[in-house]
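Reader: Please take one part of this model and go through it closely. I would like the strand pairing first, then how the neighbouring parts are put together.

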Amino acid sequence: MRKTTEAMELSRRARGWSLVAHGDGEVIPLRDFPCKIGRQPGVHVRLGHTTVSLQHAELRLSGDDLVLVDKRSRNGTFINGRRLKGQHVVVVGDLLQFGAVVFRLNHGRRTCAAPTSPSEDMGDLALAIAQFDKLIDDRVVVPHFQPIVAAEAGEVVAYEALARSRLFGLDNPAMMFKAAEFFQKEALLSRILRSEALSRTGFRKKQHLFLNTHPAELRDLKPLFVSLEELRNEHPDQAIAIEVHETCAMDPATIKMLRLVLNDLAMQLAYDDFGAGQARLSELVEAHPDFLKFDRKLIAGIDTASRDRRQLLESLIHMCRQLGIITLAEGVESSAEAEACRGVGFDLMQGYFFGRPVSKPLMRLALDERVGPRKTTLRIGQPEVLTERIKGA
């Protein structure tokens with residue numbers, strides 16, 4: 001009699017639990033506990049995704065609580081984007097992730113409890129990871145292009161290609177690369193983004209295209225070199241500058257090797273986000289780039305900056321000019337900042353003031369069209385001078 005009563009009580013507590021699949025909304029009722037989850041035939045919830053282990057995880061009833069247990073899975077079990085170590089109580093509304101497969105926990109008679117630990121970012125990451133395979137396999141990236149203008153001439157001389165996609169949760173580069181990091185596919189994603197950007201440009205030869213790399217690619221140069229050679233073979237006439245983050249420039253031997261390959265491929269080198277990290281000036285001498293992009297932190301509020309700060313920038317720009325490096329101010333957001341950047345001697349400028357990233361950029365954009373000739377002292381000149389300098393640098 002006692003065993004029958006216990007079985008009835010267990011059945012009562014088990015009723016109502018389900019997993020709701022992210023994406024298609026399929027509902028999987030959870031009827032048996034402990035509920036085994038994995039890829040192995042015979043488990044209660046069988047998931048066919050390759051990132052799911054044969055015996056991945058288990059859901060157990062403990063009183064009125066539901067407990068999720070990781071079974072030493074290869075790709076991890078996550079609750080609201082945080083990797084589970086051992087076991088943890090889960091509640092209605094939690095995002096449960098097994099490898100790259102994501103579900104939301106549901107109960108027919110319980111309302112969503114206040115989150116125990118998750119943040120929106122963690123939940124978003126879980127959803128992003130679930131869709132990463134589609135991003136790679138279907139190449140649903142949508143490159144966007146942000147204009148780069150000549151400081152003196154005020155016309156577009158280049159564009160930077162930036163990553164976007166059509167997938168919910170993977171529409172910005174930060175989430176794309178967080179998901180890629182989970183699968184250790186940052187380099188693969190970076191290669192796909194460059195390829196897609198070049199296939200959608202249709203630019204004139206004069207206008208450069210700045211393409212980004214990921215730091216992971218600098219740790220294994222051969223795939224990077226192969227991908228760049230393929231791009232050059234497919235786009236023999238396109239002017240290209242390859243961007244590396246300033247932290248990567250702290251390894252002169254690697255940068256020198258990259259520089260040799262870029263020279264052979266008629267591509268140029270740009271250091272990105274200069275001033276944001278720990279880059280040393282010595283790297284500019286040992287393995288100097290064609291372009292140096294000054295981080296927004298150095299540009300923000302430059303129009304109201306102290307004399308000392310402006311003099312520092314002027315000195316850095318003068319040093320770059322002596323080395324034959326073209327300087328670019330990133331993150332310019334107002335006419336006042338643009339005028340100040342021109343005043344301290346920047347060659348190029350980029351930022352929302354000149355245009356946000358768009359999927360179909362205008363081929364030319366003069367500053368007098370952007371703000372009106374009477375609202376800024378930036379003059380419209382002949383862009384060919386700087387354009388030729390870029391081409392021959």
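Author: A residue counts as buried when its relative accessible area is under 20%. This is a predicted model. By that cut-off, strand β1 (residues 17-21) is mostly covered, with four of its five residues buried.

Start with the partners of β1. β1 runs antiparallel to β11, and five bridges join the two. In that pairing, W17 stands opposite H107 in β11. β1 also pairs with β2, again in the antiparallel sense, over three bridges. Here L19 of β1 has I28 of β2 as its bridge partner.

Now widen the view to the sheet. Strands of a sheet pair through backbone hydrogen bonds, either parallel or antiparallel. β1 belongs to an open sheet of six strands, in the order β2-β1-β11-β10-β7-β8. The pairing in this sheet is antiparallel. β2 (27-29) and β8 (82-83) stand at the edges. Each has a single partner strand, so one side of each is left without a neighbour in the sheet.

Follow the order on from β11. Strand β10 (residues 95-98) is joined to strand β11 (residues 101-107) by four bridges, and the two run antiparallel. L95 of β10 stands opposite R104 in β11.

There is another sheet to set beside this one. It is open, has five strands and follows the order β4-β3-β5-β6-β9. Its pairing is mixed. The edge strands are β4 (45-46) and β9 (87-90), and each pairs on one side only. Strand β6 (residues 65-70) pairs with β9 in the antiparallel sense, over four bridges. L66 of β6 stands opposite V90 in β9.

Next, the helices. Two packed helices are described by the angle between their axes and the distance between the axes. Take helix α5 (residues 186-199) and α6. Their axes come within 11 Å and cross at roughly 10°. Angles under 35 degrees count as roughly parallel, and that makes α5 roughly parallel to α6. On the α5 side, the contact is made by R191, R194, S195 and L198. On the α6 side, it is made by P223, L224, S227, L228 and L231. By class, this contact of α5 with α6 has five nonpolar, two polar and two charged residues.

α6 has another packing partner. Helix α6 (residues 221-234) and helix α7 (residues 252-264) pack at an angle of about 20°, with their axes 11 Å apart. α6 and α7 are therefore roughly parallel to each other. α6 passes α7 in a right-handed crossing. From α6, the contact uses L221, L224, F225 and L228. From α7, it uses T254, M257, L258, V261 and L262. The residues of this contact divide into eight nonpolar, one polar and no charged. L224 and L228 of α6 appear in the contact with α5 and in the contact with α7.

One last site lies further along the chain. G324 sits in the loop between α10 (307-323) and β18 (326-329). G324 has a relative accessible area of 40% and is partly exposed. G324 and F291 are 33 residues apart in sequence. In space they are 8.9 Å apart, C-alpha to C-alpha.

Terms used
Residues numbered from 1 in each chain as written. Predicted model: local features only at pLDDT ≥ 70, side-chain atom pairs only at ≥ 80, totals over all residues. Heavy atoms only, no water. Axes fitted to C-alpha atoms, helices over the stretch in contact; angles between N-to-C directions. Parallel < 35°, antiparallel > 145°, perpendicular 65-115°, else oblique. Left-handed = near helix turned anticlockwise from the far one by under 90°. Contact = heavy atoms within 4.5 Å. Nonpolar A, V, L, I, M, F, W, Y, C, P; charged D, E, K, R; others polar. Pairing = 2+ DSSP bridges. Buried < 20%, exposed > 50% of the residue type's maximum accessible area, 1.4 Å probe, protein only.
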